[in-house]
Amino acid sequence: MDNKCRVITALSKDGGFRLLLVDSTNAVEKMRQLHITSKTMTAALGRSITACAIMGKMLKSEKSSVTLRIDGGGPAGRIVCVADCEGNVRGCADNPDVELEPNDQGKLDVGGAVGNNGSIYIVKDLGFGEPYVGYSPIVSGEIAEDITEYYTVSEQTPSVCALGVRVFPDGSCKAAGGYILQLMPDANEFITPILQANIDYMPSLSQLIADGTSLEEIAGMIFGLVEFNILEEGEFEYRCTCGKEKYAKALVGLGSDELRNMRDEGQPIEIVCQFCNTKYEFNTEELDELYQRAIARAEAAAAAAEDEEEE
Ligand SMILES: [Zn+2]
């Protein structure tokens, strides 16, 4: 199923405010079908992959990726999402079928499912060097507030994040989207309250998307009388980038002792990708090959360590 989604980047004419805005309806529906999420978890994981897709669009360098991990201590368990600079996003939760009663406002209780006792972690792998790791405490578990807090606390970039997912009575995704509005270093502080008022008076984002409002029109509502330009238009989709070699490498990483035990048990092992449910089987011959690779790797590492000592 094609699940292409649109994203736009807009910048106020004075360069002070940057907006990344996405319609993630198709990606969230694809995610729901893959993970058979409950309504509450369609909203929780849907908001999370939407936020992660936006963060993926902020990446500039080739082969870069961003991982969003939300660990709020609630019944949903841990949520993990990954997006890359090529426009792929994927996500999973420990318990995708958790269903809760609607909250006090009659809405899907995302905060109740995620929990508010923990942290969100953002790992940016720029494709070279050590990955950048940032985190901040979870505020409400509603995710958008938590991302806003993250940017303000951990990256010192004052931001507003909004995320919304609407579901049909049958559970399928009716509309999903999100935005992150950021103050650039030279932002005019008098414009901030104007944009805040625009946002406060807007209908909810998922309502606008459900009504067929275009991303350009929504950007127009956020900026209001503040002039802006659309800088970029792009696409992304829910797509896993796994493959057998990726899991082979992970197995080699377990080390030779572990692999010898697996091989000697004489049974094939099966690994299921948590992001896309693809099954990968390794038979005993393949496990022996991986065992040899693990030995070779350990020997190479030992030789490298010895070289260093000699220097
Ligand atoms: Zn996969």
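**Exercise 1. Domains**

Task: State which residue ranges the domain assignment gives for the chain, and describe how the two domains meet.

Solution. Step 1: In this predicted model, the domain assignment gives domain 1 as 5-238 and domain 2 as 244-306.
Step 2: Between the C-alpha centres of domain 1 and domain 2 there are 36 Å.
Step 3: Four residues from domain 1 and four residues from domain 2 make up the contact.
Step 4: On the side of domain 1 that touches domain 2, strand β5 (residues 88-93) provides the largest share, three residues.
Step 5: Sorted by class, that side of domain 1 holds two nonpolar residues, one polar residue and one charged residue.

**Exercise 2. The sheet**

Task: Give the order of the strands in the open sheet and name the edge strands.

Solution. Step 1: The open sheet is formed by 10 strands, and their order is β7-β6-β3-β4-β5-β10-β1-β2-β9-β8.
Step 2: The pairing is mixed.
Step 3: β7 (132-137) and β8 (159-167) are the edge strands, since each pairs on one side only.
Step 4: On average, and with direction ignored, neighbouring strands of the sheet are turned by 15° against each other.
Step 5: For one pair in detail, take strand β2 (residues 17-23) and strand β9 (residues 173-183), which run antiparallel and are joined by seven bridges. Opposite Arg18 stands Gln182 in β9.

**Exercise 3. Helices on the sheet**

Task: Find which strands helix α1 lies across and which strands helix α4 touches.

Solution. Step 1: Helix α1 (residues 25-35) lies across β1 (5-12), β2, β5, β8, β9 and β10 (228-238). Relative to β9, helix α1 runs at about 125°.
Step 2: Helix α4 (residues 144-153) packs on the sheet and touches β6 (119-125), β7 and β8. The direction of helix α4 makes about 160° with that of β8.

**Exercise 4. Nonpolar cores**

Task: Describe the largest nonpolar core, and say which residues Cys52 is in contact with beyond its neighbours in sequence.

Solution. Step 1: The largest nonpolar core has 71 residues, and Ala44, Ile49 and Cys52 have the most contacts inside it.
Step 2: With 10 residues, helix α2 (residues 39-58) gives the most to this core.
Step 3: Set aside the neighbours of Cys52 within four places in sequence; Cys52 is then in contact with Val66, Leu68, Cys81, Val82, Ala83, Val89 and Gly91.
Step 4: There is also a second, separate core of nine residues, among them Leu251, Leu259, Leu290 and Tyr291.
Step 5: As a general point, nonpolar side chains tend to be buried together in soluble globular proteins.

Definitions and conventions. Residues are numbered from 1 along each chain as its sequence is written. This is a predicted model: local features need pLDDT of at least 70, side-chain atom pairs count only at pLDDT 80 or more; totals for chains, interfaces and linings use all residues. A nonpolar core is a set of buried Ala, Val, Leu, Ile, Met, Phe, Trp, Tyr and Cys residues joined through C-beta atoms within 7 Å. A residue is buried if 20 or more other C-beta atoms lie within 10 Å of its own, exposed if 12 or fewer, and partly exposed in between; C-beta atoms are placed from the backbone. Helices (H or I, at least four residues) and strands (E, at least two) are DSSP runs, numbered from the N terminus. Two residues are in contact if their C-beta atoms, placed from the backbone, lie within 7 Å. Domain bounds come from an automatic or database domain assignment. Ala, Val, Leu, Ile, Met, Phe, Trp, Tyr, Cys and Pro count as nonpolar, Asp, Glu, Lys and Arg as charged, and the others, Gly among them, as polar. Two strands pair if DSSP finds at least two bridges between them. Axes are lines fitted to C-alpha atoms, for helices over the stretch in contact, and angles run from 0 to 180 degrees between N-to-C directions.
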